[in-house]
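I opened the notebook for a look around one model today. Here is what I looked up, entry by entry.

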Amino acid sequence: MVQEVQKNDFQLGDYVVFDIATSGLSPKDSSLLGIFAIKIEKGEIVERFRRIVKLQGELSEFMTDVTKITNEMIKVGEPEEQVLNDFQVFCGSLTLVSHNAEFEVNFLNYYFQKHGFQALNQPVIDSLELVRKTYPELKRYSLTQLAQFFDFDTNNQNPEFGVETTRMLLEKL
């Protein structure tokens, strides 16, 4: 499902850039904390999606530092099933773009299936693979490193850093 794309054939029409926040690396042992997305039509931002999942318990200080999602946010978040449903409606059949897309899509599909929803089946483009092919000389490809390399004006102190940086990365490529 994640498409291999070369820089010279990278053409997108309308699409959705997305990023998820999780409490770990395995969907079976972790929680979905939030989904953030930006819908792009004719090269312009037309809509944003920002949903935090309501969870019981507390996030560690480390997890809050990594995701920028606080315990206050998860206490007033929305039910996981509702967040997932709303995200599928938001995306429709548009092409999806994400950084480290295989992780993001696998995590989401695990939760979609858990709640009886259809897995993502539209094309997905991985900005991580695209930037690796375009800039093979770079040593690191994290969104934080890429934001610094490209001198993006981003705020890495909010949960939407990943989706904003991925969107700017696409524009750069």
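**Entry 1: strand β5**

Which residues of β5 are buried on one side, and which on the other? I found Thr 95 and Val 97 on one side and Leu 96 and Ser 98 on the other, all buried, so both faces of the strand are covered. A reminder to myself that this is a predicted model. The split into two sides fits the general picture: in a regular strand the side chains alternate between the two faces of the sheet.

Next I looked up the pairing of β5. Strand β2, residues 15–22, runs parallel to β5 and is joined to it by three bridges. Within that pair, Val 16 has Leu 96 as its bridge partner. Strand β6, residues 124–126, also runs parallel to β5, again with three bridges. There I noted Val 97 standing opposite Ile 125.

**Entry 2: His 99**

I then stepped past the end of the strand. His 99 sits in the loop between β5 (95–98) and α4 (101–114). Is His 99 buried or exposed? Its relative accessible area is 9%, and the cut-off for buried is under 20%, so His 99 counts as buried.

I wanted to know what surrounds this side chain. Not counting residues up to four places away in sequence, His 99 touches a list of residues that includes Glu 104, Asp 126, Ser 127, Val 131, Leu 146 and Thr 166. Leu 169 is also one of them; it lies 70 residues away along the chain, with 9.6 Å between the two C-alpha atoms.

Which backbone atoms does the His 99 side chain reach? I found the backbone nitrogen of Leu 128 at 3.4 Å. The backbone oxygen of Tyr 141 is 2.8 Å from a polar atom of the same side chain.

**Entry 3: two positive phi angles**

Backbone angles came next. Most residues other than glycine have a negative phi. Asn 100 has a positive phi of about 65 degrees, although it is not a glycine. Asn 100 is in the loop between β5 and α4, and at 35% relative accessible area I logged it as partly exposed.

Asp 151 is another non-glycine with a positive phi, of about 55 degrees. I located Asp 151 in the loop between α6 (143–149) and α7 (161–172). With a relative accessible area of 68%, Asp 151 is exposed.

**Entry 4: the nonpolar core**

Which residues have the most contacts inside the largest nonpolar core? I got Ile 35, Phe 87 and Leu 108, in a core of 55 residues. Strand β3, residues 32–41, gives the most to this core, with seven residues.

I followed Phe 87 further. Leaving aside its neighbours within four places in sequence, Phe 87 is in contact with Phe 18, Ile 35, Ala 37, Phe 49, Leu 108 and Phe 112.

**Entry 5: two polar residues that count as buried**

I checked Asp 86, which lies in helix α3, residues 80–91. Its relative accessibility is 18%, so Asp 86 counts as buried. Beyond residues up to four places away in sequence, Asp 86 touches Phe 49, Arg 51 and Glu 78.

Thr 22 was my other stop, in strand β2. At 11% relative accessibility, Thr 22 counts as buried. A polar atom of the Thr 22 side chain lies 2.7 Å from the backbone oxygen of Gly 24. Leaving aside neighbours within four places in sequence, the contacts of Thr 22 are Ser 31, Leu 33, Met 63, Thr 67, Phe 103 and Phe 107.

**Entry 6: the whole chain**

I finished by zooming out. The protein chain has seven helices and six strands, and from the N terminus on they run β-β-β-β-α-α-α-β-α-β-α-α-α.

What does the radius of gyration say? With 173 residues, a compact globule would come out near 16 Å, and the chain has 16 Å, which agrees. The C-alpha atoms fill a box of roughly 45 × 35 × 30 Å along the principal axes.

Of the 173 residues, 50% count as buried. Among contacts with a separation of 6 or more, 65% come from residues 24 or more positions apart. Last number in the log: the chain exposes about 9200 Å², and carbon and sulfur atoms supply 44% of that area.

Methods
Residues are numbered from 1 along each chain as its sequence is written. This is a predicted model: local features need pLDDT of at least 70, side-chain atom pairs count only at pLDDT 80 or more; totals for chains, interfaces and linings use all residues. Side-chain values use heavy atoms; hydrogens and water are left out. Helices (H or I, at least four residues) and strands (E, at least two) are DSSP runs, numbered from the N terminus. Buried means under 20% relative accessible area, exposed over 50%, partly exposed in between (1.4 Å probe, protein chains only). Contact means heavy atoms within 4.5 Å. A polar contact is a pair of N or O atoms within 3.5 Å; within protein, one must be able to donate a hydrogen and the other to accept it, and residues adjacent in sequence count only if both atoms are side-chain atoms. A nonpolar core is a set of buried Ala, Val, Leu, Ile, Met, Phe, Trp, Tyr and Cys residues joined through side-chain atoms within 4.5 Å. The radius of gyration is taken over C-alpha atoms; the globule rule is 2.2 Å times the number of residues to the power 0.38. Accessible areas come from the Shrake-Rupley method with a 1.4 Å probe; for residues, only the protein chains shown count as cover. Two strands pair if DSSP finds at least two bridges between them.
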